[in-house]
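Thanks for sharing this one. Here are a few friendly notes on its charged side-chain pairs, to read alongside the model.

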Amino acid sequence: MNVPSDHLIELLGRPYDSKSIQALLQPFGVKRMPSPNSYFNDDIIWSAKASLRLDIYRAPKINDLTGLNYAAEDGWIIGSVHFLAPGSDDRIKAPFPGLLPEGVAMDAPPEAAISAYGPPAMDEFTEWPGFSGRILAWRKPGLNIVTEYEEGARLRSCTFCLIGCIGTWRSDQPEIFAPGN
C-alpha cells in the first residue's frame, strides 16, 4: 500500500523535516507542522488535526539509545510515529484518519493487527493510571510496533518506533526488546 502512514514509517531514523511531513499529512487537512523547539535531546511534535505524534531525537541521543548510527551530524531524527485515537491524549478528538501500515484501520480489532503484523512478541492485559486494556507488541528487524486497546477492543494508539515503544522494555523484557536484539 502507498498510504501516508507507510511513508511516515519509512522516515524512521531519518532527519525530521516539517515541510515534508506536512506534505504527507496534507490530505488530512494539516497546513503546517511545527519545528523542534526543545533545549533537550528529544522533543515531541504533535498534529492534533491528523491525530499523530512524532518523537524526535538529536542524532547523538538516538545513536546512543539504539546502538546504531543514524546520523553523524547533530540534527533531529524521527524515532517514533504514534497514530492516535481519543483516550490517548487530551489533544486527540478523533482517530488517525488514514489506514495504518499494512492496511489496518484504526477501528479494526486486535486480530486485524495480528493478521497484518504476525504473532506478537507480547500480548497482555495491563492496567496503569489512565489505561486498562490489551497491549500487543512486535519486534521486527530495526522496528518495534505497539498497539494499545482500551478494554481489550478499542484501539487508542498504534506506535512504530526504533527503540522500546513502552519506555521500560529495555529493563522489563530485554531478551525481546533491547536495542540490537
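**Notes on the salt bridges**

1. Let me start with Arg-53, which is partly exposed, at 22% relative accessibility. The cut-off for buried is under 20%, so Arg-53 with its 22% falls in the partly exposed class. Please keep in mind throughout that this is a predicted model.

2. The partner of Arg-53 is Asp-55: the two form a salt bridge, with 2.7 Å between the closest N and O atoms. Asp-55 has a relative accessibility of 8% and therefore counts as buried. This pair thus joins a partly exposed arginine to a buried aspartate.

3. Asp-123 and Arg-134 also make a salt bridge, and here too the closest N and O atoms are 2.7 Å apart. Asp-123 belongs to strand E4 (residues 122-128) and Arg-134 to strand E5 (residues 131-140), so their contact ties together parts eleven residues apart in sequence. In this pair the aspartate, Asp-123, is partly exposed at 40% relative accessible area, while Arg-134 is buried at 12%.

4. Next, have a look at Glu-148 and Arg-156, whose side chains meet in a salt bridge at 2.8 Å, N to O. Both ends are buried: Glu-148 has 14% relative accessibility, and Arg-156 has a relative accessible area of 9%.

5. That last pair is part of a wider arrangement. Glu-148 and Arg-156 are linked with Glu-150 and Arg-154 in a network of salt bridges.

6. Finally, for the overall tally: how many salt bridges are there by this rule? The count comes to eight, among them the Arg-53 to Asp-55 pair and the Asp-123 to Arg-134 pair.

Terms used. Residues numbered from 1 in each chain as written. Predicted model: local features only at pLDDT ≥ 70, side-chain atom pairs only at ≥ 80, totals over all residues. Heavy atoms only, no water. Salt bridge = Lys/Arg side-chain N within 4 Å of Asp/Glu carboxyl O. Buried < 20%, exposed > 50% of the residue type's maximum accessible area, 1.4 Å probe, protein only. Helix = DSSP H or I, 4+ residues; strand = E, 2+ residues; numbered from the N terminus.
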